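Please look over the sequence and the model shown here before reading on. The report that comes after them is meant for someone meeting this structure for the first time.

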Amino acid sequence: MNLSRLSRSFRPGVFAARCLAAAALASAGFGAAAQTAPAAHDAHPYNWFSPENAAASAGGVVASHDVQIDGAHWLRLQFGDARLPAGAKLRITSLTDGAQQHLNAETLAQWRHTSAYFNGPALRVELLASQAGEAGHFGIVKVLAGKPQITPESRCGATDDRVASDEKDRARLLDVGCTANLTKDGCFITAGHCLSSPSLVDVVEFNVPKSLAGGGLVHPAPKDQYVPTTTRKFVDGGVGNDWGVFTVHPNTETGLMPLQAQGQSLRFAKTIPVVGDEVRITGYGVDSGMDNQTQQFSVGPVDSVVPGSTTLRYRADTEGGNSGSAVLVGGRVVAIHTHGGCTNAGGANQGTLLTNTAFKKAYKSICASAQ
């Protein structure tokens with residue numbers, strides 16, 4: 001057990017809350033709490049529109065507007081009425097770190113009139129024309145402003161044994177707050193309840209930086225963010241029947257698909273694990289400080305295997321945000337992590353085995369042409 005992690009994360013108030021949660025789980029029987037961690041934010045209505053009849057005398061900036069929400073850790077925009085003729089696009093720039101995203105008519109529709117996540121409290125949005133003539137228009141109707149995360153921590157035993165990692169085929173799924181996994185076929189697997197949860201528009205983030213000291217999320221540049229397509233299948237049916245499969249659009253900045261950009265992917269196991277096998281779970285669970293919802297892994301033994309209900313139980317540490325994490329044995333995926341069940345006294349966390357018939361059928365239909 002990692003004693004330094006124990007001393008770092010021990011806080012009397014949080015510990016008491018965990019003990020109460022553990023008691024509640026014990027009284028209810030085997031715990032089965034879904035493990036999402038939605039991105040904490042405030043939604044600010046906004047009302048700014050560029051001139052509708054804007055015309056460019058030459059290529060360049062036709063309209064510009066700065067958005068600022070004091071104290072925000074990050075911003076994300078929702079656009080209203082927008083028309084971008086051929087050659088016109090929006091350029092969004094973080095005034096904190098200079099990260100940029102470019103959206104034309106096609107990619108704006110793919111992102112369902114939202115932007116990527118940008119670090120800091122201020123953005124500049126510009127309407128660009130590539131040549132003289134009509135340049136179109138756009139409006140901003142809502143701004144999401146990130147705020148400090150509430151970071152309660154389901155662990156198996158008294159200490160949190162997760163360790164920082166940097167697997168290129170694991171991604172953070174926001175704003176729902178889950179983990180998504182890139183497979184060899186170029187599509188993603190996650191928990192079904194991560195795809196059924198209401199959200200603005202979820203975004204897949206690779207190469208996630210460390211969080212702020214207070215736990216506030218920090219986002220990778222838009223070149224590492226992808227928006228899911230509507231091609232998805234999922235079931236949110238509880239322990240043993242909770243799975244999701246989906247695809248994403250090419251990146252707005254690079255034009256690449258994740259498999260091209262990341263150069264690493266996951267493969268499925270051909271056999272079912274047995275009790276005592278060591279599992280490895282990598283995901284974006286909540287934590288204290290700069291580790292909050294950044295990539296970490298944990299290992300632990302298989303506790304039970306129930307093929308009839310396609311349920312796997314294991315004693316590896318997970319937290320909110322780990323929902324959807326791939327469960328690996330011997331370097332290959334055997335299950336999708338979906339529910340907590342551990343307490344300070346023990347127990348086991350839970351996932352859906354990939355032998356689930358409906359999952360296998362959905363994966364084949366969704367992922368056949370994902371690359």
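The text below goes through the nonpolar cores, a sheet, two internal spaces and some backbone features.

The model is predicted, so that local features need pLDDT of at least 70 and side-chain atom pairs count only at pLDDT 80 or more, while totals for chains, interfaces and linings use all residues. Residues are numbered from 1 along each chain as its sequence is written, and side-chain values use heavy atoms, with hydrogens and water left out.

## Nonpolar cores

A nonpolar core is here a set of buried Ala, Val, Leu, Ile, Met, Phe, Trp, Tyr and Cys residues joined through side-chain atoms within 4.5 Å, where buried means under 20% relative accessible area, exposed means over 50%, and partly exposed lies in between (1.4 Å probe, protein chains only). The largest such core has 36 residues, and those with the most contacts inside it are Leu75, Leu77, Phe79, Ile92, Phe138 and Ile140. Two or more residues of this core come from each of strands S4 (60-68), S5 (74-79), S6 (89-94), S9 (122-129) and S11 (139-146); helices (H or I, at least four residues) and strands (E, at least two) are DSSP runs, numbered from the N terminus. Leaving aside residues up to four places away in sequence, Phe79 touches, among others, Leu90, Ile92, Leu103, Leu108, Phe138 and Ile140, a contact being heavy atoms within 4.5 Å. A second, separate core has 16 residues, including Val176, Cys178, Ala180 and Phe206.

## The seven-stranded sheet

Seven strands form an open sheet in the order S17-S16-S13-S14-S15-S19-S18, with antiparallel pairing; two strands are said to pair if DSSP finds at least two bridges between them. Strand S17 (225-226) and strand S18 (228-236) stand at the edges with a single partner strand each, so one side of each has no neighbour in the sheet.

Strand S13 (residues 170-174) has five of its five residues buried, so it is largely enclosed by the rest of the structure. From S13, Arg170, Arg172 and Leu174 point one way, and Ala171 and Leu173 point the other way. The table sets out three antiparallel pairings together with one bridge from each.

| Strands | Bridges | One bridge pair |
|---|---|---|
| S13 and S14 (residues 178-182) | four | Arg170 and Asn181 |
| S13 and S16 (residues 203-205) | three | Leu173 and Val204 |
| S18 and S19 (residues 242-248) | six | Lys233 and Val245 |

S13 and S14 also form a hairpin with three residues between them, and Gly177 in the turn has a positive phi of about 80°. Asp175 is placed in the loop between S13 and S14, and the peptide bond from Leu174 to Asp175 is cis, with omega near 15°.

## A cavity and a pocket

Both kinds of space are found on a 1 Å grid over the protein atoms alone: a cavity is a set of points where a 1.4 Å probe fits but cannot get out, a pocket is an open set with protein on both sides within 12 Å along at least five of seven lines, and lining residues have an atom within 4 Å of a point.

The largest cavity holds about 30 Å³ of space, and its lining is made up of Arg162, Ile281, Gly283, Gly285, Gln296, Ser298, Asp317 and Asn322. Strand S20 (278-283) and strand S21 (296-306) each give two or more residues to that lining.

The second largest pocket holds about 180 Å³ of space. Its lining has 15 residues, of which Phe268, Ala269, Leu354, Thr355 and Lys360 lie nearest its centre. Strand S24 (332-340) and helix H6 (357-367) each supply at least two lining residues, and H6 gives the most, with four.

## Positive phi outside glycine

Two residues that are not glycine also call for a careful look at the backbone. Arg112, found in the loop between helix H3 (105-110) and strand S8 (118-119), has a positive phi of about 50°, and this residue is partly exposed, with a relative accessible area of 36%. Thr310, which is placed in the loop between S21 and strand S22 (311-314), has a positive phi of about 45°, and Thr310 is buried, with a relative accessible area of 10%.

Methods. Grid points are joined across faces, edges and corners, and a volume is the space filled by probe spheres set on the points.
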